[in-house]
Every structure is written in structure tokens, then in C-alpha cells.
Amino acid sequence: MSTATMTAPVRGKSDGRIGARANLRHIGALVRRNALQIRYQPFAMFDALAMPIVFALLFTYVFGGAMTGGNRSEYVNYFIPGLMAMGGLNIAMSIGSGVNDDFNKGVMDRFRTLPIARSSVLIAKLVVECGRMLVSTFVLLIMGFIMGFELKTGPLELLAAVALAVLFGSSLTWIFMLLGMSLPTPQAVSGMGFLVIMPLQFGSSIFAPTATMPDWLRSFTEYNPLSRLADAARALTSGHGAIAEPVTVTLSWTVAITVLVAPLAVRKFRNKTT
């Protein structure tokens, strides 16, 4: 993507006066740029392609038998929808380290002189990460069907579960982009990310039912948005359990996180590139 391509539509305009159509063109150009980077650096897709397979095999064949009395097929039907909820969180964490590394290497410096909305840079990254989440979920579902996962509803319900997981994952992306711009090194971002995701992942209903958990931990899981997303995905794919309540709670978390964190991330990016 050349500088001329970015500047021609809005030459002489300030960031605050860029029109919506020009902003969409900039986002599209940046999305293509980020996608081409993945094309020429295929290892950037390693986490999206490999992690679903590793987690599905590891937890099903190491822990699944113990959790369901030897009935691994039952655990596959429980665990795969939960893993859909976890996939977006893992991919969102990786973008924080990537944003931090881009700033440290000076990649973001080129945007200082371009008359583009600062939000377009982050939105383009968000769009590409949502694409990676879709690929990761697709790989997970293929692996799940190979291992015996049964879809007991229909394709529309499955698509709704995938869309819900990607939407929630997109809101988490804003959090990790903000962390990536706030912490000094990629290692610091990764360390902080693990401190955030480990309690959320394992203190949830993703891996095991919450009925046997201590009361204090069960209380945490009830308010954990990953639990609500996992419950919603299970209900949508199995046809059992309430759907409206966990879906509504998950969407509420998604909107709240996006509304609160996205403006902070855009402001932080604007301050770092001016």
C-alpha cells in the first residue's frame, strides 16, 4: 500500500474532518495490507490453526475420560462449544503483543504523516483478527466433528454460536490493543495477558461443569462472561438449556467492553502517533 494511495482522497484534511467514505477506503486498504502481511508471513496464522487442534486433543484425551467416567464422546459435545468461547480470547491476546512490537520497531511511525483517521488503523487490525477468529473456529469445528462432536440443532444455530463467539472476541481485541499500547514490551503484554486470561478461562464453565466447584469459585463463574458465552454456544449447538439469557448477557458484555475500551484505545493510539 503506497502513501499516495492513502493520501490522495483526503489531501489537506485533518484527522477530524475525514469523511466516512474516505475512512472506509482507508480501512479497506489497511485490511489488505495486514492480510498481505499474513500471506507473506504464514507463521502469523500458527496460533489460529494449531491451538484449536492442540486444545481439543489435549483436554479430550487427557482429561475428558476422567470428567465423564470414560465417556469421551460426551465430553467432546460439552467441550467443543466451550472452546469456541476460548478461541477468541487467545487470538485477541496475540494482537496486543503485535501492536506493541509494531510501535517498538517503528512500523506505526509511518502513520504519523498520513491524513487518515487514527481509528482506521485499529479497526483494520480488528477486522483481520476477526477473520483469524473465524478461521480458528472453522478448524476447531472440523476437529470436533472428526472427534465425534454432534450438532443437534442446525446450521443456523451453529452460525449464530460462531458469530456470538467472534463478536465477543472482537470486544476483547480492544482490551489487548490498549494493553499493547500501554505496556513497554511484548513480553510485558504477554505476561499481563496471561494474568487476565488464565482466571477467566479456568474459572469458567469452558472445561468442566461448575456444579462441583467451591461456592466462592462458582460465584465467580456465574459472572464470568466466558461462562455465559460457553453456555450460549452449548445451548445453540445442543438444543438443551436456555438460549436467550446467556446470549443476552454475552451481547451485553460485548457492547459494554467495546463502548468503554474502544475510545480509550483510539485515544491512546492518537496520542502515540502525534
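Reader: Is Asp215 buried or exposed?

Author: This is a predicted model, and in it Asp215 is exposed, because its relative accessible area is 57% and the label applies over 50%.

Reader: Which side chain does Asp215 meet in a salt bridge?

Author: The general idea comes first. Side chains of opposite charge can pair when their charged atoms come close. Here the side chain of Asp215 meets that of Arg218, at 3.4 Å from N to O. Arg218 is partly exposed, with a relative accessible area of 26%.

Reader: How many residues apart are Arg218 and Asp215, and in which helix do they lie?

Author: An α-helix has 3.6 residues a turn, so residues three or four places apart point the same way. Arg218 and Asp215 are 3 residues apart, about one turn, and both lie in helix α8, residues 215-223.

Reader: How many salt bridges does the count come to?

Author: The count comes to 8. One of them joins Asp101 to Lys105, with the closest N and O atoms 3.1 Å apart. Asp101 is partly exposed at 26% relative accessible area, while Lys105 is exposed at 62%. There is also a network of salt bridges, which links Arg228, Asp231, Arg234 and Glu245.

Reader: Which parts of the chain does the pair Asp47 and Arg132 link?

Author: The side chains of Asp47 and Arg132 meet in a salt bridge of 2.7 Å, N to O. This pair links distant parts of the chain: Asp47 belongs to helix α3 and Arg132 to helix α5, and 85 residues separate them. Both Asp47 and Arg132 are buried.

Reader: Now for empty space. How many cavities of 30 Å³ or more does a search of the whole structure find?

Author: Rolling a probe the size of a water molecule over the atoms shows where empty space is left. In this structure the search finds 2 cavities of 30 Å³ or more. The largest cavity holds about 140 Å³ of space. Its lining has 17 residues, and the closest to the centre are Pro52, Leu83, Gly87, Gly88 and Ser136.

Reader: Which elements give two or more residues to the lining of the largest cavity?

Author: They are α3 (46-67), α4 (72-104), α5 (118-147) and α6 (155-182). Among these, α4 gives the most, with 7 residues. By class, the lining of the largest cavity divides into 11 nonpolar, 5 polar and 1 charged.

Reader: What lines the second largest cavity?

Author: The second largest cavity has about 40 Å³ of space. The residues that line it are Leu30, Arg33, Asn34, Phe111, Val121, Ala124 and Lys125. Two or more of the lining residues come from each of α2 (20-40) and α5. The classes here are 4 nonpolar, 1 polar and 2 charged.

Reader: Back to α4. How far apart are its end C-alpha atoms, and what should its residues span?

Author: A helix has an expected span, which can be set against the distance between its ends. At 1.5 Å a residue, the 33 residues of α4 should span 48 Å, and the end C-alpha atoms are 46 Å apart, so the two agree.

Reader: Where does α4 bend?

Author: The bend in α4 is at Met84, by about 30°.

Reader: How many residues of α4 are buried, and what follows the helix?

Author: Of the 33 residues in α4, 24 are buried, so the helix is mostly covered. Gly106 follows α4 and has a positive phi, near 85°.

How values were computed. Residues numbered from 1 in each chain as written. Predicted model: local features only at pLDDT ≥ 70, side-chain atom pairs only at ≥ 80, totals over all residues. Heavy atoms only, no water. 1 Å grid on protein atoms, 1.4 Å probe; cavity = no way out; pocket = protein on both sides within 12 Å on 5 of 7 lines; lining within 4 Å. Points joined across faces, edges and corners; volume = space filled by probe spheres on them. Helix = DSSP H or I, 4+ residues; strand = E, 2+ residues; numbered from the N terminus. Nonpolar A, V, L, I, M, F, W, Y, C, P; charged D, E, K, R; others polar. Expected span 1.5 Å × (residues − 1). Bend = angle between axes of the 7 residues up to and from the residue. Buried < 20%, exposed > 50% of the residue type's maximum accessible area, 1.4 Å probe, protein only. Salt bridge = Lys/Arg side-chain N within 4 Å of Asp/Glu carboxyl O.
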